[in-house]
Amino acid sequence: MKIYMVAAESRPFSKTGGLADVVYSLSSELVKKGESVSIFTPLYQGVKEQFKDLEKINTFLVAVGWRQVGCDVYFTKHEDIRYFFIDGHYFHRDQFYGFDDDGERFAFFTLAVKELLYQLMDIPDIIHIHDWHVGMLPCLIKEDEYANNYFKKTKFVFSIHNPAFQGLLDASATRELYGLPYSVYENGSIRFKGGVSTLKAAIVYSDKITTVSPNHRYELLTPEGGMGLDGVLRFREYDFVGILNGIDYDEFNPREDKLIFENYNANDYFRKKNKNKLELMRKLNIYDYGKPLFSLVTRLTWQKGLDIALPALEEMLKQGCSAVVLGSGEYRYEQWLEDLRKRYPKNLAIYIGYNDALAHQIYAASDIVLVPSLFEPCGLTQMIAQRYGALPLVRRTGGLKDSVVLYDGTNEGEANGFGFDYYNQHEINQTCQFAYNCWENLPLRKQLMKNALLTDNSWQKSADEYYKIYLSIINK
Ligand code: ADP
């Protein structure tokens, strides 16, 4: 099978978030199955400066509405994945996104990819597009009679990673950017909230739609959780699938992780994980009172449930438990944490900033990792925690609901975390207390940690599901 991925970022070249991980990890797994995978992505200035040995293979002009914009195509092969990079003046900036003309920049990218698809003279079985940036590609092809005929065997899969970004543009973008007849807007195919939405266009024109967890799929189909997309998604309900992301098992591997103090596995974890805990506590200057170590590794933002997490943490600190918080983001949470640290200097350590090595050490050292998000399409923190034998304590939303089997007092054979349903102080406090009580029961603690360590959150499992979707639509 020939699979083309089209996305605004992909590891190892460009990454600002989870999208880059998904595109790369999924591609790697598909290559391992023997499939041919190519990734099409922008050549941002920083990437061009860092990776100097990319090969320039093509140059052409792209019509972005009335503008004729120069485009260079660069190529490289990495771990048997072919990477095609689109270069143009739109990407000669110091950041990937966040500009007023992002809509125009990614219109250029999408139109350039369409042009490049012809030039490669190599018709793919699947074009898998990701998020709003490239959402117009299936529409551009299906609304163009020549292209539609040329790519008649190609099927489109669209993955929604973040439904909050909907690619909203003025209605005039239909013609002014994408060169499409106005009727495509007027008939409602791409019209959304009084303008164009590239996200909606992808939902309408793709053969299959996915999002990053089964539970988030369910949430998106409801008026409460759909962010306005529930109507159009319900039209496509039977082609809409939720697939939980995996985590990178090479990057997060307690057996071989060079960033942690002592490596361990599902057989020798108990003593060695404790060694990681003591080393980290010594490094961060906090005391071990023989009680659980709670942690938070997160962006400091309201989405992550900090408003209930920090008071709950304080209740645990009062009882002599320890805690480590690693995060960066909103100032008010930094201040709040600083205040807590001043009041509990012996058992709370905080680190404001982004620190990969410390994150690994925290996962290896922690007993309980808090992930009480208000919403969370998939979430990686809880899966990384399990990989390191730390028990996630989650609010059951989005992917957090799919990835954690809650301990309910009876299911010690399978439970791998703790959780609660409703976003309120009472529930999180009670659940933290419950987790603490369970931790004190040594055989139970050992069993739950082992269950977490043995949980399969690999990308292989997720890739198998995407693969099944591809197989279900090709040759139809
Ligand atoms: P989101 O993408 O919404 O921030 P996820 O749970 O999907 O949340 O992914 C967060 C990832 O970022 C995890 O791998 C987590 O360990 C990491 N992370 C978050 N904050 C920090 C930080 N301050 N330092 C290091 N790693 C962090």
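At 30% relative accessibility, M227 counts as partly exposed, because that class takes in the values between 20% and 50%. The model discussed here is predicted, and M227 makes a convenient entry point to its backbone, since this residue, although not a glycine, has a positive phi of about 50°. M227 is found in the loop between α9 (214-220) and α10.

**Backbone features**

Most residues other than glycine have a negative phi, and most peptide bonds are trans. Against that background, D80 is a further non-glycine residue with a positive phi, here of about 65°, and its place is the loop that lies between β4 (67-78) and β5 (81-87). The relative accessible area of D80 is 55%, so D80 is exposed. A positive phi of about 65° is also taken by N285, which comes just after helix α11. A feature of another kind is the cis peptide bond that joins R11 and P12, with omega about 0°; P12 lies in the loop between β1 (2-6) and α1 (18-32).

**Helix α11 and what covers it**

How far apart should the ends of helix α11, residues 269-283, be at 1.5 Å a residue? The 15 residues of this helix should span 21 Å, and the end C-alpha atoms are indeed 21 Å apart, so the expected and the computed spans agree. The buried residues of α11 are Y269, K272, K273, N276, K277, L280 and M281. The elements that cover these buried residues include the strands β13 (293-300) and β14 (322-329), together with the helices α14 (356-365), α17 (425-440) and α18 (442-454).

**The ligand and its shell**

The ligand is surrounded by 16 residues, and the closest of these are R299, K304, G353, Y363 and L380. By class, the shell around the ligand divides into seven nonpolar, six polar and three charged residues. Which elements each supply at least two residues of this shell? They are β13, β14, α14 and α15 (381-387), and the largest share, three residues, comes from β13. Of these elements, β13, β14 and α14 are also among those that cover the buried residues of α11.

Polar atoms of the protein approach the ligand from both side chain and backbone. A polar side-chain atom of R299 lies 2.8 Å from an oxygen atom of the ligand, whereas a backbone N or O atom of G353 lies 2.8 Å from a nitrogen atom of the ligand. In addition, a polar backbone atom of N355 is 3.0 Å from a nitrogen atom of the ligand. On its own the ligand has 560 Å² of accessible area, and the protein covers 83% of this area.

**Buried residues in helices and a strand**

Four residues in named elements fall under the 20% cut-off for burial, and their values are set out below.

| Residue | Element | Relative accessible area |
|---|---|---|
| T381 | α15 | 18% |
| L444 | α18 | 9% |
| D230 | α10 (residues 230-235) | 10% |
| A349 | β15 (residues 348-352) | 8% |

T381 belongs to helix α15, one of the elements that supply residues to the shell around the ligand. With neighbours within four places in sequence left aside, T381 is in contact with V297, Y363, V369 and V371; of these partners, Y363 is also among the residues closest to the ligand.

L444 is found in helix α18, an element that helps to cover the buried residues of α11. Not counting residues up to four places away in sequence, L444 touches Y407, E412 and C438. The C-alpha atoms of L444 and G409 are separated by 9.9 Å, although the two residues are 35 residues apart along the chain.

D230 is found in helix α10, and its contacts, again without residues up to four places away in sequence, are L220, L221, T222 and P223.

A349, in strand β15, is in contact with L284, I286, A323, V324 and V325 once neighbours within four places in sequence are left aside. A wide separation is found between A349 and I473, which are 124 residues apart in sequence and 51 Å apart in space, C-alpha to C-alpha.

Conventions:
Residues are numbered from 1 along each chain as its sequence is written. This is a predicted model: local features need pLDDT of at least 70, side-chain atom pairs count only at pLDDT 80 or more; totals for chains, interfaces and linings use all residues. Side-chain values use heavy atoms; hydrogens and water are left out. Helices (H or I, at least four residues) and strands (E, at least two) are DSSP runs, numbered from the N terminus. The expected span of a helix is 1.5 Å times one less than its number of residues. Buried means under 20% relative accessible area, exposed over 50%, partly exposed in between (1.4 Å probe, protein chains only). Contact means heavy atoms within 4.5 Å. A residue is near a molecule or strand if one of its heavy atoms lies within 4 Å of it. A polar contact is a pair of N or O atoms within 3.5 Å; within protein, one must be able to donate a hydrogen and the other to accept it, and residues adjacent in sequence count only if both atoms are side-chain atoms. Accessible areas come from the Shrake-Rupley method with a 1.4 Å probe; for residues, only the protein chains shown count as cover. Ala, Val, Leu, Ile, Met, Phe, Trp, Tyr, Cys and Pro count as nonpolar, Asp, Glu, Lys and Arg as charged, and the others, Gly among them, as polar.
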